[in-house]
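Me: I am new to reading protein models and would like a close look at one part. Could you walk me through the nonpolar patch on the surface and the helices around it?

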Amino acid sequence: HFSCTLPEVMEYVNKAREQLNKKLKEKNSVTDALGKIETKTGVKKEYMVYGACAFLVLYLMIGYGGTFIANFIGFLYPAYCSIKAIESHEKDDDTKWLTYWVVYAAFSLIETFTDIFLFWIPLYALLKCIFLIFLMVPGKYNGSVILYEKLICPYFLKYEKRIDSVVDKAGEFANDAKNKAGDAAMRHGLDLHNE
């Protein structure tokens, strides 16, 4: 059951802010560049990140290609984390990112049929980006885990036997088609050879 109180949300936001500041203290090319800008301007790295996020939100609201940017954000970071999860020896991160991709695939499938209508909704790119970020948020409020447990898993478990039956039949059909195509190719090859 999913519910949250204002103090829980504030605690979550404070933890996220602490994690952001911890990441900004790591040594890499991005933090080095932000450090140089901070030295020249006097603006803290944290505020630069907030400014970049504000710019992104504004761009998603009024900029050209907002849906592409939202899709890019919904793919790039999760793909990076998925690769890191594959390369790690922990199982929990694998499960987290597999769950994300299952929900992302379900969302993409639904969006394929509804995009023609959703495209006309004002701020759709921004709303989509917020939704995709919600799906990847770490911790207790991870949207992909919530949606998987509340929507996808119950329906999957309810129809699992039917789905398995359809998949088995499709596999048999594909195998039959492959065998028939192979036999036909062999006969055609023999016919050509005999001519």
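Reply: Happy to! Let's start with Leu-58, which is found in helix H3; helices here are DSSP runs of H or I with at least four residues, numbered from the N terminus. Please keep in mind that this is a predicted model, where local features need pLDDT of at least 70 and side-chain atom pairs count only at pLDDT 80 or more, while totals for chains, interfaces and linings use all residues. Residues are numbered from 1 along each chain as its sequence is written, and side-chain values use heavy atoms, leaving out hydrogens and water.

Is Leu-58 buried or exposed? Leu-58 falls in between: its relative accessible area is 46%, so it counts as partly exposed (buried is under 20%, exposed over 50%, and partly exposed lies between them, with a 1.4 Å probe and protein chains only).

Leu-58 has company. Together with Val-57, Met-61, Ile-62, Ile-121, Leu-123, Leu-127 and Ile-130, Leu-58 forms a nonpolar patch on the surface, and these residues share about 710 Å² of accessible area. To join such a patch, a residue needs over 30% relative accessible area and no salt bridge (a side-chain nitrogen of Lys or Arg within 4 Å of a carboxyl oxygen of Asp or Glu). Nonpolar side chains (Val, Leu, Ile, Met, Phe, Trp, Tyr) are joined within 5 Å, and like charges within 9 Å. The areas come from the Shrake-Rupley method with a 1.4 Å probe, and for residues only the protein chains shown count as cover.

Which helices supply the patch? Helix H3 (45–62) and helix H6 (124–136) each give at least two residues, and H3 has the largest share, with 4 residues.

Now look at the partners of these two helices. The axes of H6 and helix H4 (residues 66–87) come within 8 Å and cross at roughly 10 degrees. Axes are lines fitted to C-alpha atoms, for helices over the stretch in contact, and angles run from 0 to 180 degrees between N-to-C directions. H4 and H6 are therefore roughly parallel to each other (under 35 degrees; over 145 is roughly antiparallel, 65 to 115 roughly perpendicular, and the rest oblique). Among the residues in contact (heavy atoms within 4.5 Å) are Ala-70 and Tyr-77 in H4, and Leu-132 and Met-136 in H6.

On the H3 side, helix H2 (residues 29–41) packs at an angle of about 105 degrees, with the axes 9 Å apart. That makes H2 roughly perpendicular to H3. Thr-31, Leu-34, Gly-35, Ile-37 and Glu-38 of H2 make this contact with Lys-45, Met-48 and Val-49 of H3.
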